[in-house]
Amino acid sequence: MNYAEIKKYDISNGPGVRVSLFVSGCNLHCNGCFNDIAWNFNYGKTFTNDTIDEIIEALRPDYIKGLTILGGEPFEFVNQKGILPLIKKVRETYPEKTIWCYSGYYYDTEIIDDMCRKWPVTKEILSLIDVLVDSRFDINYLDLNLRFKGSSNQRIIDVKKSLEKGEIVLWKDEGAFYHDNQDRC
């Protein structure tokens, strides 16, 4: 697996300050993708154990809330095999930090119904991540006001709750200021 970039102070791809890994390689080629340079599986640097160590060290400060993996496409099979050792190490080292993942693949039909049946690694990855932002980026639904996603057709899924219930449970932003609170001000 190759990766395009590691951002050690990312505030765009999940709550709080995060470390973000941008993997290389994507077969979806969404129109308007912000990171089309990372579609090439050979783009960037080789992902190694040293890369994992670098990410683990970057996650050390208390103000870092977690890891986000995006791309390219993390759920391409070759990338799944590469990111699994990383997320295992993150869970082992920092169980209190969250792991977010972005995928253009649909959680219910393509990841659960297809990939999980073909590849045991997919099921293991899902068991270790907290949140999945799924669905292909669609330029027709571009909305720059959305939090943590680029187009309104994308979903922010609470993976742990979804696996428990056997249906999609959307992530609830515990830190957001909800409409219900506006009446109390």
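**Exercise 1. Helix 2 and helix 4**

Task: In this predicted model, determine at what angle helix 2 and helix 4 pack and how far apart their axes are. Then identify which residues meet and how they divide by class.

Solution:
- Step 1. The angle between helix 2 and helix 4 is about 35 degrees, and their axes are 10 Å apart.
- Step 2. The hand of this crossing is left-handed.
- Step 3. On the side of helix 2, the residues in contact are Phe77, Gln80, Lys81, Ile83, Leu84, Ile87, Lys88 and Arg91. Helix 4 contributes Val121, Thr122, Glu124, Ile125 and Leu128.
- Step 4. Sorted by class, this contact comprises seven nonpolar, two polar and four charged residues.

**Exercise 2. Helix 1 and helix 2**

Task: Describe the crossing of helix 1 and helix 2 and state whether it is left-handed or right-handed.

Solution:
- Step 1. The two axes come within 10 Å and cross at roughly 35 degrees.
- Step 2. Helix 1 passes helix 2 in a right-handed manner.
- Step 3. Ile52, Ile55 and Ile56 of helix 1 meet Pro85, Leu86, Lys89, Val90 and Thr93 of helix 2.
- Step 4. By class, six nonpolar residues, one polar residue and one charged residue make up the contact.

**Exercise 3. The nonpolar cores**

Task: Establish which residues of the largest nonpolar core touch the most other members, and which element gives the most to this core.

Solution:
- Step 1. The largest nonpolar core has 40 residues, of which Leu21, Phe75 and Ile129 touch the most other members.
- Step 2. Elements giving two or more residues include strand 1 (2-10), strand 2 (17-23), helix 1 (49-58) and helix 2 (77-93).
- Step 3. Helix 2 gives the most, with five residues.
- Step 4. Leaving aside residues up to four places away in sequence, Leu21 touches Met1, Tyr3, Glu5, Ile6, Phe47, Ile55, Thr68, Ile69, Leu70, Ile83 and Leu86.
- Step 5. A second, separate core has eight residues, among them Trp100, Tyr102, Val133 and Phe148.

**Exercise 4. Ser20 in strand 2**

Task: Decide whether Ser20 is buried or exposed, and find the partner of its side chain in a polar contact.

Solution:
- Step 1. Ser20 is located in strand 2.
- Step 2. Ser20 counts as buried because its relative accessible area is 0%, and the cut-off for buried is under 20%.
- Step 3. The side chain of Ser20 makes a polar contact with the side chain of Asp10, at 2.6 Å.
- Step 4. Residues up to four places away in sequence aside, Ser20 touches Glu5, Ile6, Lys7, Asp10, Asn13, Thr68 and Leu70.

**Exercise 5. Three loop residues**

Task: Classify His29, Phe148 and Pro95 as buried, partly exposed or exposed, and give the phi values of His29 and Phe148.

Solution:
- Step 1. Most residues other than glycine have a negative phi.
- Step 2. His29 has a positive phi, near 50 degrees. His29 lies in the loop between strand 2 and strand 3 (45-46) and is partly exposed because its relative accessibility is 41%.
- Step 3. Phe148 also has a positive phi, near 70 degrees. Phe148 occupies the loop between strand 6 (131-134) and strand 7 (155-158) and is buried because its relative accessibility is 9%.
- Step 4. Pro95 sits in the loop between helix 2 and strand 5. At 58% relative accessibility, which is over the 50% cut-off, Pro95 is therefore exposed.
- Step 5. The C-alpha atoms of Pro95 and Gly66 are 9.7 Å apart, although 29 residues separate these two along the chain.

Key: Residues are numbered from 1 along each chain as its sequence is written. This is a predicted model: local features need pLDDT of at least 70, side-chain atom pairs count only at pLDDT 80 or more; totals for chains, interfaces and linings use all residues. Side-chain values use heavy atoms; hydrogens and water are left out. A nonpolar core is a set of buried Ala, Val, Leu, Ile, Met, Phe, Trp, Tyr and Cys residues joined through side-chain atoms within 4.5 Å. Buried means under 20% relative accessible area, exposed over 50%, partly exposed in between (1.4 Å probe, protein chains only). Helices (H or I, at least four residues) and strands (E, at least two) are DSSP runs, numbered from the N terminus. Contact means heavy atoms within 4.5 Å. Axes are lines fitted to C-alpha atoms, for helices over the stretch in contact, and angles run from 0 to 180 degrees between N-to-C directions. A crossing is left-handed if the near helix is turned anticlockwise from the far one by less than a right angle, and right-handed if clockwise. Ala, Val, Leu, Ile, Met, Phe, Trp, Tyr, Cys and Pro count as nonpolar, Asp, Glu, Lys and Arg as charged, and the others, Gly among them, as polar. A polar contact is a pair of N or O atoms within 3.5 Å; within protein, one must be able to donate a hydrogen and the other to accept it, and residues adjacent in sequence count only if both atoms are side-chain atoms.
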